[in-house]
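Colleague: Got a minute to walk me through this one? I'd like the quick tour.

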Amino acid sequence: MAVAISSSSLISSAWQATLQHYNNPRDYPLIPPCHSNPISNSFNFKRQQRPSSSKFNDHVLSSSSSKLSPIPTLFSFSGCGCSWIQDNSMVHDYATSYGGDSNKCYSLPTTKTVDVSSVSDLFEFICSGPLVDKIGITPERVGLSIDKWLLYGSQLCRLFQLNELKLTIPQKARLYHYYIPVFMWCEDQIALHNSKSHDGDDVPPLVIGFSAPQGCGKTTLVFALDYLFKTTKRKSATVSIDDFYLTAQGQTELRENNPGNALLEYRGNSGSHDLQLSVETLEALTKLTKEGMKMKVPRYDKSAYSGRGDRADSSTWPEVEGPLTVILFEGWMLGFKPLPADVVKAVDPQLEIVNKNLEAYYDVWDKYIDAWVVIKIQDPSYVYRWRLQAEIAMRQAGKAGMSDEEVNDFVSRYLPAYKAYLPTLYAEGPSGSDPDRVLAIDIDEERNPILAN
């Protein structure tokens, strides 16, 4: 017989254990140092008016605006703006109310009381998200793991310098409808991956591929996931297909070998990557299974040569140490499949050589990926707006970025590939993927998850 369960009963069933967990310092090793009171920081959420629609408006700025709000102290990806916190009055108020120093660490007001009704509101907000059914987050599961949701939310607020007591609706949605659900899906994939190994075996890290168009927020998503893995004591590594672009000299040679082909004039399309470096890096990362094993991961400097880019000096490459649990591998063209020549020529004749180059990419990228997150967009033209925002953020950070005209020219060299390959990717899944291990996320122009049509 089916039993109806209310949201309050779901929460109360795990509530006492949750309170005991947060009141016991030994059980709470992960709270950031500046959060002196986990109860007040994690539970005392203020009530917020829930929207009438699951589609949230992040108020993304037009190309003429200059109010992008990058994260200067914790966000290290060059040219990546956090557009979802562009209404940054909350961040400004939080900084100025404590002397105007946003980089300084302050304790929030302390209290011994817990506003259960606010947690109940958060429970309902989580369950209203567009991804919950897709990744198997039932109300029962949310109720039993509400302490984890609160902890992860607190950690992400620390990462992005948000005041968790005054989250805007777009900020709240981005954390609890997007980043945290995807993190929990990744955790499930890790558990499945580890269950296939025998005791005593060296378990290779799970490789999760993130295929998403440029500018849609995949780098910020991966950054947030990597942070959550580290705060939960899992060793993770992040790598992008951008890290494998040819050097500036290699790009020059590619351009000279393909005269008149605008799609290969600059970095981006298949053929503009150092495939040998890709193989060496991914092979080495998957072998970091023991304590003490270390390696440096390549990085690419998009700001070099006035935005044309070059491989970063190896002295600046980050070092990762084993044993790795997970590798987060992201890229705009991950999972693309070569198509018949006549199909790509109908999109753009210049795409024919790009399509030919793509044939080698499965063996250097896709075959290493165990599980996939595919972020789907409704219109490839979104990429221009998003790329423009990223370049504005780069210039605001004091780095050389492309002008608006250069952005238009740059993105135009990617659009043929989007038009040719995205329909197949969305219909069939990534190249060589297991359909049961693919999480497809539809997003709108404001980079918010939406319910699929």
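**Walking through the model**

Modeller: Sure, starting with one residue: T286 has 19% relative accessibility, so T286 counts as buried. Keep in mind that this is a predicted model.

Colleague: 19% sounds borderline. What is the cut-off for buried?

Modeller: Buried means under 20% relative accessible area. T286 has 19%, so T286 falls on the buried side.

Colleague: Where is T286 found?

Modeller: In helix α10, which covers residues 275-286.

Colleague: Which backbone oxygen does the side chain of T286 reach?

Modeller: That of E283, at 2.9 Å.

Colleague: And leaving aside neighbours within four places in sequence, what is T286 in contact with?

Modeller: P204, P205, V207 and I327.

Colleague: OK, zoom out. How many helices and strands does the protein chain have?

Modeller: 16 helices and nine strands. The chain has 453 residues, and 55% of them count as buried.

Colleague: What area does the chain expose?

Modeller: About 19600 Å². Carbon and sulfur atoms supply 50% of that area.

Colleague: How many residues are in the largest nonpolar core?

Modeller: 106. F329 and W365 have the most contacts inside this core. Helix α7, residues 169-195, gives the most to it, with twelve residues.

Colleague: Tell me about W365. What is it in contact with, leaving aside neighbours within four places in sequence?

Modeller: F329 is one of its contacts. The others are I241, F244, H273, S278, L282, M333 and L334.

Colleague: Switching to helix α15. Which of its residues are buried?

Modeller: V407, F410 and V411, in a helix that covers residues 404-412. They span an arc of only 90 degrees around the axis, so they lie on the same side of α15.

Colleague: What covers them?

Modeller: The cover includes α14 (382-396) and α16 (415-428).

Colleague: Last one, A312. Buried or exposed?

Modeller: A312 counts as buried because its relative accessibility is 16%. A312 is in the loop between β5 (310-311) and β6 (319-321).

Colleague: What does A312 touch beyond its neighbours within four places in sequence?

Modeller: R299, Y300, D301 and W317 are in contact with A312. D301 is eleven residues away along the chain, and its C-alpha atom is 5.1 Å from that of A312.

Colleague: And chain-wide, what share of contacts between residues at least 6 apart in sequence join residues at least 24 apart?

Modeller: 79% of them.

Methods: Residues are numbered from 1 along each chain as its sequence is written. This is a predicted model: local features need pLDDT of at least 70, side-chain atom pairs count only at pLDDT 80 or more; totals for chains, interfaces and linings use all residues. Side-chain values use heavy atoms; hydrogens and water are left out. Helices (H or I, at least four residues) and strands (E, at least two) are DSSP runs, numbered from the N terminus. Buried means under 20% relative accessible area, exposed over 50%, partly exposed in between (1.4 Å probe, protein chains only). Contact means heavy atoms within 4.5 Å. The arc is that of the directions from the helix axis to the C-beta atoms. Accessible areas come from the Shrake-Rupley method with a 1.4 Å probe; for residues, only the protein chains shown count as cover. A nonpolar core is a set of buried Ala, Val, Leu, Ile, Met, Phe, Trp, Tyr and Cys residues joined through side-chain atoms within 4.5 Å. A polar contact is a pair of N or O atoms within 3.5 Å; within protein, one must be able to donate a hydrogen and the other to accept it, and residues adjacent in sequence count only if both atoms are side-chain atoms.
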